[in-house]
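Let's take a walk through this structure together, with the ligand as our starting point. Have the model open beside you as you read.

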Amino acid sequence: MGTITVTAPAKVNLHLEVLGLRPDGFHELAMVMQSIDLADRLHFTNTADARLTLSCDAPSLSVAGDNLVMQAAELLRKRSGFTDLGASIQLDKNIPVGAGLAGGSSDGAAALVGLNALWGLGHSSAELEGMAAELGSDMPFCVAGGGQFCFGRGERLEPLPPLLEPLTVLLVKDPSVSVSTPWAYKRFREQNSDHYLEGEQAFEQRREALRQAEWTQPLRGADPPPLRNDLQSVVEPETRAVQIALQLLQTLKEPLAVAMSGSGPSCFALFRNPEHCQQAQAELLDRFHEAGLRSWCCPLRPDGVRIEA
Ligand code: C5P
């Protein structure tokens, strides 16, 4: 097999609730993550020369061992036991970097899926999700994609029933600003640890409440997601770009809800359909430009990383 191309979509958090602290030092989370139609593309070419090389059209991005694509490739090769495996990887970047959209994690997930196929390793999706969890809390979600409850550190997935409406997000980000995820969780802990839940029973109660919420049961009720992101309470007061993005999105007539994604600074508004989303984007385009913000209309996607035909 010569070259394989993989689509690696971004995600937004429809719900991010911090429940408490885990013995491993990570936070116990109850989330709903949702893939959106904004994606990087990765091309994998077999070299069979024991070398792994990454090139990227975004010059600011590291193509060394700290890139999750390289970490995923190394892990997969190590697990295979075939040290002579090699690949040349080209990353076409469309998802903004350091944005709370899991762009880097999705690229890493794409490397697991793409190289598994290129090298003919035959790992199941569950095995790939297991390796993904070793590399990052939200990487298993990126392998599976669509709409998922994400519990534990974020790596425990339960698929959400498909939403009834063709919901679309208007996504907004200042390209010059990024937020450190460890910083956001650390700050959240400093301000909220007095109210953290403790113990598996308390955690499971919150998970069950989310599973039973009307909006996560589209066949039962047609409520749109109300959107909740606990990290917004610490990132918004310290990040001017988030304040401006949320203020602008809140001036719109129709959005069903507005929130920050992940640890930010991307923010988004949720619309019932793509036409309403595009109208809203057109309405605010000049003000986005003035504020130095980029914007995208992205329908929700039912899948995660996918090998292109
Ligand atoms: O797993 P990942 O490498 O994406 O996590 C980045 C950082 O975010 C962690 O080092 C930790 O500081 C914080 N984090 C957390 N609890 C989680 C996920 C991430 O505290 N469930």
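What follows looks at the ligand and its surroundings, then at two details of the backbone.

Please keep in mind that this is a predicted model. Start by finding the ligand, which sits in the largest pocket. Where does it lie relative to domain 1 (3-161) and domain 2 (168-299)? Both domains give residues to the shell around the ligand, so the ligand lies between them.

Now zoom in on that shell. Around the ligand you will find Phe26, His27 and Leu29, then Gly136, Ser137 and Arg153, and finally Thr181, Pro182 and Tyr185. Sorted by class, four of these residues are nonpolar, four are polar and one is charged. Two elements, β2 (27-46) and α5 (181-192), each give two or more residues to the shell. Of the elements, α5 gives the most, with three residues.

Next, turn to the polar atoms. A nitrogen atom of the ligand has a backbone N or O atom of His27 at 2.8 Å. For Arg153, a polar backbone atom is 3.0 Å from a nitrogen atom of the ligand. Ser137 takes part through its side chain, where an N or O atom is 2.6 Å from an oxygen atom of the ligand. How much of the ligand's accessible area does the protein cover? On its own the ligand has 450 Å² of accessible area, and the protein covers 72% of that.

Let's leave the ligand and look at the backbone. Most residues other than glycine have a negative phi, and most peptide bonds are trans. Two places in this model are worth a look with that in mind. In the loop between β2 and β3 (52-56) you will meet Ala48, which is not a glycine but has a positive phi of about 45°. Further along, Pro265 lies in the loop between β9 (257-260) and β10 (267-271). The peptide bond that leads from Gly264 to Pro265 is cis, with omega near 5°.

Note on methods:
Residues numbered from 1 in each chain as written. Predicted model: local features only at pLDDT ≥ 70, side-chain atom pairs only at ≥ 80, totals over all residues. Heavy atoms only, no water. Near = heavy atom within 4 Å. Polar contact = N/O pair within 3.5 Å; in protein donor to acceptor, adjacent residues only side chain to side chain. Areas by Shrake-Rupley, 256 points an atom, 1.4 Å probe, with all protein chains shown as cover. 1 Å grid on protein atoms, 1.4 Å probe; cavity = no way out; pocket = protein on both sides within 12 Å on 5 of 7 lines; lining within 4 Å. Sits in = over half its atoms within 2 Å of the grid points. Helix = DSSP H or I, 4+ residues; strand = E, 2+ residues; numbered from the N terminus. Nonpolar A, V, L, I, M, F, W, Y, C, P; charged D, E, K, R; others polar. Domains from an automatic or database assignment.
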